Amino acid sequence: MWEIINFIKDKKIDLKKLEEFGFKLINKSYYYYASLLKNQFKMTIKINLDNSIFTEIIDTETNEPYVLHLLETKRSGYSEKVYKEYSEVLEKIKKECFEDEIFKANYTKEVINYIKNKYGDELEFLWEKSPKNAVIRRKSSKKWYAVILTVSKRKLNLDSDEIIEIINLHNIAEEIEKLTDNKRYFPAYHMNKKHWCTICLDGTVELKEIYKLIDVSYELAK
């Protein structure tokens, strides 16, 4: 009796780490087996490539599925012990085999990869109250040259409550003034509008153009 588990929100699978952990690929799904309560139960974890994860616990004495650990209101001392070991296995898998995936848009992922591959810089999440906002800074100067944010389009004075991912980039004042059209390039959200502009990471500006502007911003962060 498989139970679907929803503990990997904002996470993505690291397939290499899954295999290092001990998962085996069988029919396009990864399987891992663990013993609970000194082999009284056999736990199976199945992870599909779409990030869905399922578990099953079998009582090794009866060879029947065990589900009492999932019934929070009916957990006794015994089922609580099963649940504790079950949870520990899942938390270890979560910690060792999944990595954060805060940003969802393909454009955002491409931009992050471009920066990581070209400059070796990583996202920094500085604000506890804004976990979906990050900065990227130049190692040599510690100055920011890109800020990736998750906001409502309405924050850019667009007539929509759609949540999107945006990037703020630095440039010279004259260029910012030329770029800003409130359609493809916007006054910088939450930053100095004279020296920064905002781009929606939704395809309105081509990636190659964004990459050029990232390079300019990086140079200005010397």
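Colleague: How many salt bridges does the structure hold?

Modeller: Ten. Keep in mind that this is a predicted model.

Colleague: Take K139. Which residue does K139 form a salt bridge with?

Modeller: D121, with the closest N and O atoms 2.7 Å apart. The pair links distant parts of the chain, 18 residues apart. K139 sits in the loop between β9 and β10, and D121 in the loop between α3 and β9.

Colleague: Is D121 buried or exposed?

Modeller: D121 is buried, at a relative accessible area of 6%. Its partner K139 is partly exposed, at 48%.

Colleague: What does R137 pair with?

Modeller: E124, in a salt bridge of 2.8 Å from N to O. R137 belongs to strand β9 and E124 to the loop between α3 and β9, so this bridge ties together parts 13 residues apart in sequence. R137 has 22% relative accessibility and counts as partly exposed. E124 is also partly exposed, at 26%.

Colleague: And which residues are joined into one network with R154?

Modeller: D159 and D161, through salt bridges that share partners. The bridge between D159 and R154 spans 3.3 Å, N to O. D159 is exposed, at 72% relative accessibility. R154 is partly exposed, at 40%.

Colleague: Now the interior. Which residues have the most contacts inside the largest nonpolar core?

Modeller: V111, I115, Y145, I167, I199 and I214, in a core of 28 residues. Several elements give two or more residues to this core, among them α3 (106-119), β10 (144-152), β11 (163-170) and β13 (196-200). Helix α5 (207-220) is another of them. It is α5 that gives the most, with six residues.

Colleague: What is I167 in contact with, leaving aside its neighbours within four places in sequence?

Modeller: The list includes V111, A146, I148, C197, I199 and I214. Apart from this core lies another, of 23 residues, with A34, L36, Y66 and I93 among them.

Colleague: C197 came up there. How should I read cysteines?

Modeller: Start with the general idea: a disulfide is a covalent bond between the sulfur atoms of two cysteines. Then check the distance.

Colleague: Which cysteine sulfur is closest to that of C197?

Modeller: The one in C200, at 11 Å. The cut-off for a disulfide is 2.5 Å, so C197 and C200 are too far apart for a bond. C197 is buried, with a relative accessible area of 2%. C97 is buried too, at 0%.

Colleague: How many disulfides does the count come to?

Modeller: Zero.

Key: Residues are numbered from 1 along each chain as its sequence is written. This is a predicted model: local features need pLDDT of at least 70, side-chain atom pairs count only at pLDDT 80 or more; totals for chains, interfaces and linings use all residues. Side-chain values use heavy atoms; hydrogens and water are left out. Buried means under 20% relative accessible area, exposed over 50%, partly exposed in between (1.4 Å probe, protein chains only). A nonpolar core is a set of buried Ala, Val, Leu, Ile, Met, Phe, Trp, Tyr and Cys residues joined through side-chain atoms within 4.5 Å. Helices (H or I, at least four residues) and strands (E, at least two) are DSSP runs, numbered from the N terminus. Contact means heavy atoms within 4.5 Å. A salt bridge is a side-chain nitrogen of Lys or Arg within 4 Å of a carboxyl oxygen of Asp or Glu.
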